[in-house]
Amino acid sequence: MVYPHDFERKTGFDQIRAMTAEKCLSPAGAEQAFRSVFSNDYDSLRNELVKTWEFQQILSFDDPFPAVAFSDVRKIFEKLRIEGTFPETEELSELKGTLDYLKSVLNYFKARKEGAYPVLKSVVNRVKFYPFVSDSIDRIIDKHGAVRDNASPGLKKIRNEIASKKTAVTGRLTAILKQAQSEGIVDADANISVRNGRGVIPVSISGKRKINGLIHDQSATGKTVFIEPSEIVELNNEIIELGYEERREIVKILTSFADSIRSYIDDLVESFGFLSEIDFIKAKALLGNELGSILPALSAKPQLAWKKAVHPLLFKTFRKAGNRSVVPLDIELNEKQRILLVSGPNAGGKSVCLKTTGLLQYMLQCGYTIPVGEGSEAGVFNDIFIDIGDEQSIENDLSTYSSHLVNMKFFIRNTSPSSLVLIDELGSGTEPVLGGAIAEAILAELIRIGTYGVVTTHYSNLKHFASVTDGIINGAMLFDNNLMQPLFRLDIGKPGSSFAFEIARKIGLPENILREASEKAGVKNVRFDRHLKDIARDKRYWEMKRQNIRKHEKRLEELIDEYEKELSGAKSLRKEIISKAREEAKKLLEESNRIIENTVRQIKESQAEKERTLKARQEIAGFRQEVEGLKDEPEITGKPLELQKKASGIVKRVREKRKQEVQDDTTPLKPGDAVRLTDTGVAGEVVEADGKNLIVETGTFRLKVSASKVVRISRKDLKKSLQAGRPLQQADPLVNERKLRFKPEIDIRGVRGDEALETVRNLIDDAVMVQHRHLRIIHGKGNGILRNLIRQYLSAMPVVRSARDEHVELGGAGVTLVELDL
């Protein structure tokens with residue numbers, strides 16, 4: 001929960017949204033920037049933050065990311081879902097530009113090294129890109145978005161006729177114009193014009209009856225009329241009719257294109273959604289790099305441990321001005337100090353501290369990295385409440401103080417141990433003593449509930465309360481006593497002084513008034529404020545001492561680390577030497593056993609001849625002496641033996657034996673046998689067998705394959721493959737690859753018969769694999785030999801439902817349309 005409804009305006013997050021939207025390349029990306037919401041789900045939030053952080057790394061350290069503005073094509077896809085609809089050429093051009101950008105983005109991530117940007121790549125890997133859609137658009141329109149003449153044979157014929165007739169019209173108009181000029185009917189410098197899409201001749205008003213034709217227009221002065229000679233009226237009519245026919249042919253082409261991609265629209269819409277998401281993430285990353293944001297260590301529990309936190313809006317404002325810089329804040333909220341009570345002088349930065357906490361935590365839980373220092377930690381809060389500014393309302397009869405109390409009531413009723421409350425000037429707006437008492441009671445209740453929060457105040461009783469109460473800690477906005485100006489630094493652990501008298505004295509308030517004010521304030525209050533200043537001065541002194549001690553301790557730790565590394569290296573070297581010596585000894589002992597076995601064999605073969613026996617015993621004794629002498633060697637040397645050869649040989653023989661067992665099993669395959677396809681590695685079960693061909697069921701697919709393209713496997717291996725739980729289209733990368741590269745049309749003109757049949761067979765196999773029913777084979781007309789060969793081959797394939805000629809305008813007998821029975 002986020003309270004109040006205008007939380008984003010109060011903290012400035014509405015400006016963060018606007019900055020993000022400005023950095024988006026598309027309206028869809030900007031729409032996501034304004035739609036992003038506060039999230040308290042740790043897993044989804046971490047995923048969003050890591051994506052933004054990875055993109056910041058891309059923008060900072062990797063090759064330039066593609067940056068091309070792309071159109072919102074969602075409405076185009078929604079229109080094309082309806083049968084009979086088609087895209088306009090302008091929409092087709094927009095769709096082509098979007099697909100080209102999608103391709104460049106996918107190629108960019110594909111080119112990154114393995115292991116880089118894992119979370120972004122997990123998003124990219126879900127995107128499907130179909131090259132044939134982009135290729136189909138290329139065949140219809142050119143790079144300028146105009147429909148190509150060769151988009152279809154019919155369109156080419158129509159445009160040729162239009163060009164021919166326009167040439168005839170121009171020639172005839174030129175002849176008529178020259179004749180009229182020679183007769184003095186038309187001015188010598190007159191040229192052919194176009195009115196209402198028809199060629200006309202400019203004629204003076206006095207000579208308009210000397211040329212037979214239709215008047216289409218006249219000049220602004222009325223002295224010239226534009227006449228279409230009657231000789232070319234019919235030609236122009238024919239050109240207009242051809243224009244209508246041209247439009248009908250273009251609609252036919254566009255409708256055919258829409259029909260061909262309709263089954264892919266869901267994937268195309270998801271692809272566009274991916275581009276919008278990438279656009280939004282990139283905009284967040286650009287803003288993050290601009291602000292110097294990082295991804296802090298994220299925890300699922302509510303907490304804050306920020307180092308050098310910066311208010312992003314102040315940072316941009318000061319950097320633009322160029323004469324100031326934001327003072328970073330160290331803010332920490334944990335289980336022991338859940339509430340931070342910030343006090344200090346007016347205009348000292350208390351409210352900025354409060355807003356920084358609210359804005360950065362809200363940004364983080366909306367998926368933005370935040371401008372904090374390295375080593376910072378952040379948690380996740382279920383709710384964020386804020387009470388800041390003047391909320392008085394005449395309509396609701398609420399004063400400033402009443403509106404604050406209304407907010408306090410809401411906080412107490414709705415807050416929890418996982419909430420973050422931000423209260424500016426708690427208890428202000430009423431009589432100080434009573435207001436301070438109510439404020440102290442509210443703080444006590446928030447502490448009892450266990451909520452987290454940042455509260456600002458000037459009240460001394462609240463500072464005392466924070467000093468003696470567990471769960472709340474004082475914090476002071478520091479002030480320079482010498483220069484009499486705020487330092488805007490937060491010092492957690494002690495209360496801050498308001499420096500009321502010092503600021504009044506600096507402004508120039510008369511000294512007698514200040515003395516009288518001191519007397520009225522009372523000695524205790526003045527002394528308390530003075531003691532706070534003394535404590536602040538002493539703390540700065542001891543802080544400097546502590547910094548010096550830390551420097552010396554850091555240097556000492558570095559020296560200790562160096563010595564420990566050297567000692568660790570020496571120990572590692574000693575262990576390595578001992579380990580190597582033991583390994584060599586082990587190898588020598590194994591060698592001794594081998595020599596003993598060989599010796600026994602020699603004795604048996606030589607039937608224990610005395611000389612051979614004596615020689616064998618001498619070899620054993622010599623090798624044993626060599627092994628025993630190893631203990632006294634200061635440094636191990638020797639020749640390592642390749643003892644793993646024997647084990648490797650055994651493993652190799654076992655594998656060869658298993659392979660041979662499979663190969664030796666030459667019994668014919670029958671229904672129920674488990675097999676594996678050799679070209680894809682997919683396992684399945686034979687459901688039909690007719691000798692050379694098999695029907696294999698794998699997952700939700702039935703594939704017709706040659707018996708030579710499968711190998712028999714055990715039922716156990718089949719069961720393991722099925723237990724993997726992945727369908728064919730997901731389990732086999734080759735299937736996905738085929739689907740992405742699949743094109744339902746092939747051109748085999750000029751290809752030899754055997755090669756043509758092989759190409760057709762591969763097309764049918766791929767179509768069955770990706771479940772595409774309609775295919776188009778371009779073989780040309782010629783003598784019809786290749787066409788008949790293809791038709792005979794297709795008629796013998798059970799999976800082919802029909803094979804027929806294409807429409808005469810789209811190729812006729814030179815193209816075969818194939819429909820598969822899937």
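Let's start from the outside: the protein chain has an accessible surface of about 46900 Å², and 51% of that belongs to carbon and sulfur atoms. Keep in mind that this is a predicted model. Of the 822 residues in the protein chain, 42% are buried. The secondary structure comes to 26 helices and 24 strands. If you take the contacts between residues at least 6 apart in sequence, 69% of them join residues at least 24 apart.

Now for the inside. In soluble globular proteins, nonpolar side chains tend to be buried together. Here, the largest nonpolar core holds 50 residues, and Phe13, Ile16, Trp306, Met363, Tyr368 and Leu490 have the most contacts inside it. Helix α13, residues 350-364, is the top contributor to this core, giving seven residues. There's also a second, separate core of 49 residues, with Phe55, Phe77, Phe86 and Tyr101 among them.

Phe13 is a good place to zoom in. Setting aside neighbours within four places in sequence, Phe13 touches Glu8, Leu359, Tyr362, Met363, Cys366 and Tyr368.

Trp306, another of the residues with the most contacts in that largest core, sits in strand β7, where it stands opposite Ile331 of β8. Strand β7 has two partners worth a look, set out here:

| Strand | Partner | Direction | Bridges |
|---|---|---|---|
| β7 (residues 304-309) | β8 (residues 329-333) | antiparallel | four |
| β7 | β10 (residues 377-378) | antiparallel | two |

On the β10 side, Ala305 has Glu377 as its bridge partner.

Next up is helix α9, which runs over residues 153-182. How far apart should its ends be? With 30 residues at 1.5 Å a residue, the helix should span 44 Å, and its end C-alpha atoms are indeed 44 Å apart, so the two values agree. The buried residues of α9 include Leu155, Ile158, Ile162, Val169, Leu173 and Ile176, along with Arg159. An α-helix has 3.6 residues a turn, so residues three or four places apart point the same way. The cover over the buried residues of α9 includes β3 (198-204), β5 (224-229) and α10 (233-261). Just after α9 comes Gly184, with a positive phi of about 80°.

Finally, the cysteines. How many disulfides does a search of the whole structure find? The count is zero. Cys24 counts as buried because its relative accessible area is 12%, which is under 20%. Cys353 is buried too, with a relative accessible area of 0%.

Definitions and conventions: Residues are numbered from 1 along each chain as its sequence is written. This is a predicted model: local features need pLDDT of at least 70, side-chain atom pairs count only at pLDDT 80 or more; totals for chains, interfaces and linings use all residues. Side-chain values use heavy atoms; hydrogens and water are left out. A nonpolar core is a set of buried Ala, Val, Leu, Ile, Met, Phe, Trp, Tyr and Cys residues joined through side-chain atoms within 4.5 Å. Buried means under 20% relative accessible area, exposed over 50%, partly exposed in between (1.4 Å probe, protein chains only). Contact means heavy atoms within 4.5 Å. The expected span of a helix is 1.5 Å times one less than its number of residues. A disulfide is a pair of cysteine sulfur atoms within 2.5 Å. Two strands pair if DSSP finds at least two bridges between them. Accessible areas come from the Shrake-Rupley method with a 1.4 Å probe; for residues, only the protein chains shown count as cover.
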